[in-house]
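Visitor: Could you take me slowly through one part of this model, namely how its pieces meet one another? I would like a careful account that I can follow while looking at the picture.

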There are 4 protein chains.
Amino acid sequence: MAARIKMGMVGGGPGAFIGAIHRLAAGITGQIDLVAGAFSRNADASRAFGAELGLDPSRAYGSYEDMFAAEASKPEGERIQCVSVVTPNDSHAAVSCAALEHGFHVICDKPLAGHIEDGLKIADAVKKSGLLFGLTHTYTGYPLVIEARRRVANGELGAIRRVAVNYLQDWLSREEDTGASKQAAWRSDPSRSGESGAFGDIGTHAFNLVEFITGERITEVAAELRAVVAGRQIDDDGAAMFHLANGGSGLLAASQVCSGAVNGLEISVYGDKASLHWQQEQPNTLTLKARNAPDQVLKAGANVGYLSPEALAVCRTPGGHPEGYIEAFANLYAAFAGAVREFPSSTTVDGVADIEDGLNAMRFIRAAIRSSENASAWTPLAGIEPRT
Amino acid sequence: MAARIKMGMVGGGPGAFIGAIHRLAAGITGQIDLVAGAFSRNADASRAFGAELGLDPSRAYGSYEDMFAAEASKPEGERIQCVSVVTPNDSHAAVSCAALEHGFHVICDKPLAGHIEDGLKIADAVKKSGLLFGLTHTYTGYPLVIEARRRVANGELGAIRRVAVNYLQDWLSREEDTGASKQAAWRSDPSRSGESGAFGDIGTHAFNLVEFITGERITEVAAELRAVVAGRQIDDDGAAMFHLANGGSGLLAASQVCSGAVNGLEISVYGDKASLHWQQEQPNTLTLKARNAPDQVLKAGANVGYLSPEALAVCRTPGGHPEGYIEAFANLYAAFAGAVREFPSSTTVDGVADIEDGLNAMRFIRAAIRSSENASAWTPLAGIEPRT
Amino acid sequence: MAARIKMGMVGGGPGAFIGAIHRLAAGITGQIDLVAGAFSRNADASRAFGAELGLDPSRAYGSYEDMFAAEASKPEGERIQCVSVVTPNDSHAAVSCAALEHGFHVICDKPLAGHIEDGLKIADAVKKSGLLFGLTHTYTGYPLVIEARRRVANGELGAIRRVAVNYLQDWLSREEDTGASKQAAWRSDPSRSGESGAFGDIGTHAFNLVEFITGERITEVAAELRAVVAGRQIDDDGAAMFHLANGGSGLLAASQVCSGAVNGLEISVYGDKASLHWQQEQPNTLTLKARNAPDQVLKAGANVGYLSPEALAVCRTPGGHPEGYIEAFANLYAAFAGAVREFPSSTTVDGVADIEDGLNAMRFIRAAIRSSENASAWTPLAGIEPRT
Amino acid sequence: MAARIKMGMVGGGPGAFIGAIHRLAAGITGQIDLVAGAFSRNADASRAFGAELGLDPSRAYGSYEDMFAAEASKPEGERIQCVSVVTPNDSHAAVSCAALEHGFHVICDKPLAGHIEDGLKIADAVKKSGLLFGLTHTYTGYPLVIEARRRVANGELGAIRRVAVNYLQDWLSREEDTGASKQAAWRSDPSRSGESGAFGDIGTHAFNLVEFITGERITEVAAELRAVVAGRQIDDDGAAMFHLANGGSGLLAASQVCSGAVNGLEISVYGDKASLHWQQEQPNTLTLKARNAPDQVLKAGANVGYLSPEALAVCRTPGGHPEGYIEAFANLYAAFAGAVREFPSSTTVDGVADIEDGLNAMRFIRAAIRSSENASAWTPLAGIEPRT
């Protein structure tokens, strides 16, 4: 077995949902050791939390700046090789740029940033450093999402005509939700979340899933973003029509105020030969439909003979032994760990959203906001970024 | 048991899908006798077909004009009381107006017409005659669609925030489909179908279902209609964002070129308290979802205690004995037959789309086309009709 | 179109569930006219009900004896040709035998009788008369049940290894249900229902479905029948292991006291090559599964290219337009009407359970009871009938 | 955070499916360090594999005897505290007894042993040592299985009347499967697997699930076990009727030759008030059904307000973020780790099958075999064990 990767984490202190998931996911890979962290801006809290995680106390830092400086001064082979960035959106750029500048590869929670300006800063740092950068669009780590992409790429669906993607939740459906948890508070605060709420938080997942599965870029969007619940300063609900580069059309809805929706990410892709259908809450089935043919229900599993090598490679259990969200997340970390090991002979992280995917999602958000402010006019993603 | 209603039919000759369904549906009610018909423009063919149906040969006519004249001259009690219009869209206006002018109530296949101008002619004739007019938007005849409407009206969902409705098929997905059947041929021909293809044919069902269940009018639309398959002169695929009168938003897709979709009509309605979900291909379940509560799956059946009286009234079988499309259709005919019997003490057909519903669907089509031609600009339905 | 068949009905008066279904089903075929009936043992009530149904008052009789005598004396072409027997089990034999003796074909509600002794009387009458006899095991009228049978017969499943069939309901789950309705009362009364309750009423459906789909006879059974609810005199719940003639094994459960089960008939058949799965409450899908292959979900519909001619022949609507229980029932009546027309050149009713199927179900009930009384000992069906 | 537990493993070398799962599961808990192992009977292979896992080379042993001796001689605080036994069935007794005798708690893969004689040896060793013993019946680690148990215990279902449990697979459906993999080879070999094949391997899971959820012991069984595929020496398919201590009845099928079944464990439990339904392949939903009430679909998730504390305690992710088989497994390990930490102030492992559960499963297997050999006669579990 290959050497294990040493990782530091920024953010993800006590009570942080996504930080805990990142740690579980990294742990499952069996390829990554979390050896350092700046879990909290309070040094004592960070140290205490590091101790809970079994870290060497000297490597639980009170700030990412301290961590990067201290770790960079350690001898190679001892210092961290990469950083997991799991802070709120507003600090993705500062943390990621600093990490890259100190020579650490970065794996960052989605979205890339709160707005494209920050995203472009990260893109610059990635380019300058030549280091690896991965964005954890979790859902692309599911075996059957990877299978879906393969089936499209193989031409089984034919030319893509229409896409429908929804990402609906209800955890912000009430006024009192806004400040009810850390997660809700920063997501509802434009100074932390960025220029978009629901669209930025989960609409980017939906966007990324479309691009990942279809292999097509979304080129323009006609959108309507709304703050439905009283007091919200940024969108908590919205919808869009969009165009794919190949001429296909689609609908996207993203909302955190749809009562009864829990984590309802689902996608249908219709080609001129066949269609595919996947729902995140039942991730181990993928349905293929064609005209005048029985529907085919594919299932995940490491021993499932009809799946592609790419999908099989990310299954841990045989068919009928369900894997889930944490394992999908772990698949991203495993790919990242593999890339860290191969670096610099390879400089890409196969199967993980990269800086360009992240930027395109930022363009999507900016274009959706512009469209929404402009009576839902069709707005291209290309050229949306600020002139610098 | 009340007296049976005497009905004539226009259209629905040999090989006509929808005419046969109308006859089955009317028959199931046990309240309607089909006693006359102008099934074909060829008098011999009409007569032969009438004979197959067991009609008195003298009442199988070569034209609707002949039928209306002959029947109107018969004594009351013997002549037809109502007419079922099951011709292609382009003749709905002429046939319906003539029927109404001769004193016959009309039940007409959807959509109201090929365009709003024709629709307004029918509206005039309805108004002048004071007679009954019903439009067979089949899907509103399902018990659980009626239950869905009741649940919204009772406030169980709270204020409606978001609607998603799809009506996707694939039977016109290929170039060679255009002329492959009578049904395909006239639907693809703007001179028969009217100004819209898929949107007119099935988008109007989706539109009507939204208005029926939510009890809200759709007020404006931003749409994109497309002729995807080579050679198509009218839309075979399209999508729209829309607004409800109450401020809710929605997405609608209608397509006849989505591979693998058979008769995929499905709707989700999200309120601030709960949501509901129904799919036509599994019509005997209705799912209600609320935040932090188990999903509830309701089932149709004449002995199901938790259903509303309105839903129970249209169930024939006890729970677990599935009813389907023909029974849903029959529920519309039963309502119509009841109204004919009550006429003129009552002049509405409860639970069946009326002339105003039909006109609004025509406005929707016209607004969607205008929007589509105008870069998907938001286009109000109100005031879309031609000034006369 | 072929001549319509004239039918009389025995039983099925006001409030009778199954009689109303038989009439609807016969009506949908478009091939049968109900022209006479002995709907009630009270002549006035029978006449009143006949009037509601639109019958000639002179042909609504106060007893089946009167009906058969009067109808038999009418000239051919005017008199009824067949009789629908929809009385409780205890009179199936008397009514059916009398009908056959008067020269009328019989279509009888299931089960054949309350016990095999009565069943054998009918068998004698069928044999002597040479007339048609059909038993309405409704569920074999569903298109996808017919498809299932075809797939097995074609060898797609290989040799049948294991069958699982359940028919579970809950409408008799409480003590107070016993006398709560006519239907409950006679089914819970051994003098009306026969020697078995749930097993006789719905276990025979399950039994018949196994034999119909697999094409194999059930040869022996190890059963346990129970009266679970206090005060029940006959089984309201039970289960059995069984053997098929080909060596396959199976499990069967039939209960009317399983809370939450509505009309839960479902079957899985496992062969050495593939398996099939069908549920009555979702009758328009049939799932085929094979090892290391995607599940295939077949759908009903008159235009579904991959279905067998036998299945297509009983579909009225195109794919995605659900048909249900009444249509399945109608398919049995249509087959029966066709056979009546062809008689005597053909003397079988294809696709409808015949006297031998009915007798075998009686043998199954008797064997299950014997087994249950004998500590669930394996009990062969063959030879179970009384020596005469 | 509490101190981490030091664990050794016996078995689970390269290519072993279940060993890898045990390691992943233990790892996810964040409470267990695998520090020693006897992964193979070949010392070099064991060492090489230990190195892959990152173990100290001196603690990868060539036999469990060596491991127990060496570890027992280490100072407390350094030596292993517990042993995970993941060998084939035939060595469970020897390994577990030795571990217990050396003072190590044991967590053992199911079934307890190949036959009850071996099981009783383990029971003796458990009793003598006073140490912890847990059996990994994985499926009881799923949150919604725990919820199911709570709902029954709370009386929501009322008195249990009927249970249906199936565990069907197809990976041994062909003759050539017998020796096709390590897993298949030992399971098909009575000298390794024990007196039963499919019933022992997966029937015990089904058995345990019934007892776990209902809280009732299975008291007697009428079974038929078969070796369906040519050349099999032990059962690869079988079915049984069974009785619960409370008077309820049930059906159980277990087969590894049912084509199209992947890992099809599913259970329905019917009480006099309500029923519940769970399928392992969709583990994150649990359906509750009651008469004349909408079905309720419960979902797993750490923030799902309607779940019991017991179920919530084993969820890692919020609703809609699926967990799976590995997490269910990890829940057993987490409970075991907690018990090791609490020992000896507590001597039970809450939520994990214990020695008595394991013995009862052995009794079930023995009784099923006896019944099967005795024409499926009802055979009590009590008293089935050999007199000693």
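Guide: In this predicted model, the C-alpha centres of domain 1 and domain 2 of chain A lie 26 Å apart. The domain assignment builds each of them from two stretches of chain A, with residues 5-139 and 344-354 forming domain 1, and residues 142-316 and 362-370 forming domain 2. Where these domains meet, 17 residues of domain 1 of chain A are in contact with 21 residues of domain 2 of chain A, and the side that domain 1 contributes consists of eight nonpolar, seven polar and two charged residues.

Turning from the domains to the two chains, we find that chain A and chain B each bring 35 residues to their contact. On the side of chain B that touches chain A, the elements giving two or more residues are strands, among them E6 (160-168), E7 (218-226) and E12 (285-290) of chain B, and the residues of this side divide into 16 nonpolar, nine polar and 10 charged.

As for how the copies are arranged, a turn of 180° with a shift of 0.0 Å along the axis lays chain B on chain A with an RMSD of 0.0 Å, and the two copies are therefore related as by a two-fold rotation axis. The same surface serves both copies, since 100% of the contact residues of chain B recur in chain A. If you look for the residue of chain B that comes closest to the rotation axis, you will arrive at B:Ala377, whose C-alpha lies at 3.3 Å from that axis.

Terms used. Residues numbered from 1 in each chain as written. Chains lettered and ligands numbered in written order. Predicted model: local features only at pLDDT ≥ 70, side-chain atom pairs only at ≥ 80, totals over all residues. Domains from an automatic or database assignment. Contact = placed C-beta atoms within 7 Å. Nonpolar A, V, L, I, M, F, W, Y, C, P; charged D, E, K, R; others polar. Helix = DSSP H or I, 4+ residues; strand = E, 2+ residues; numbered from the N terminus. Least-squares fit on C-alpha atoms with pLDDT ≥ 70 in both.
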